[in-house]
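Ready for a few warm-up exercises? Take a look at the model first, then work through the tasks one by one.

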Amino acid sequence: MRIMGVLAAAGLMLATGGCVSTVANVVTAPVKLAGKAVGGTVDMMTTSEKERDEKYVRQMRKRDEAEQKRIRECRKHPERCEG
């Protein structure tokens, strides 16, 4: 009888050990996510001048490529283009 009680207690302790770990992960998850969100916001707010310049150049290149494509399409199909 005594062995059965000890085994039951040991089993209960092992079972709750996993639960405690899971509960701890669930409880700390929002804090970890909030830290990442704040870190991401700070990173977005601290864009260097070089990064801004690179972004601007990419935008200008994309705009120029779209304009060149529009010009090529107008040359192939002038009836589709406006005056």
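**Exercise 1: The whole chain**

Buried residues account for 1% of the 83 residues in the protein chain. Keep in mind that this is a predicted model.

Task: Find how many helices and strands the protein chain has.

Solution: Going through the chain, you get two helices and zero strands. Next comes the surface: the accessible area is about 7,900 Å², and 63% of that belongs to carbon and sulfur atoms.

**Exercise 2: A salt bridge**

Task: Work out which side chains meet in a salt bridge.

Solution: Start with the general idea: side chains of opposite charge can pair when their charged atoms come close. Here, the count is one salt bridge. Its partners are glutamate 67 and arginine 70, at 2.8 Å from N to O. Now place them: both sit in helix H2, and because they are three residues apart, about one helical turn separates them. Finally, check exposure: glutamate 67 is partly exposed at 35% relative accessible area, and arginine 70 is partly exposed at 45%.

**Exercise 3: Two more glutamates**

Task: Decide whether glutamate 49 is buried or exposed.

Solution: The cut-off for exposed is over 50%. Glutamate 49 has 55% relative accessibility, so it counts as exposed. This residue lies in helix H2 and joins Glu51, Asp53 and Glu54 in a negative surface patch.

Task: Say what glutamate 73 is in contact with, leaving aside neighbours within four places in sequence.

Solution: First locate glutamate 73 in helix H2, which covers residues 49-76. Its contacts are then Arg80 and Cys81. With a relative accessible area of 34%, glutamate 73 is partly exposed.

Methods. Residues numbered from 1 in each chain as written. Predicted model: local features only at pLDDT ≥ 70, side-chain atom pairs only at ≥ 80, totals over all residues. Heavy atoms only, no water. Helix = DSSP H or I, 4+ residues; strand = E, 2+ residues; numbered from the N terminus. Buried < 20%, exposed > 50% of the residue type's maximum accessible area, 1.4 Å probe, protein only. Contact = heavy atoms within 4.5 Å. Areas by Shrake-Rupley, 256 points an atom, 1.4 Å probe, with all protein chains shown as cover. Patch = residues over 30% accessible without salt bridge, like charges linked within 9 Å, V, L, I, M, F, W, Y side chains within 5 Å. Salt bridge = Lys/Arg side-chain N within 4 Å of Asp/Glu carboxyl O. Lys, Arg positive; Asp, Glu negative; His and termini not counted. Charge placed at Lys NZ, Arg CZ, Asp CG, Glu CD.
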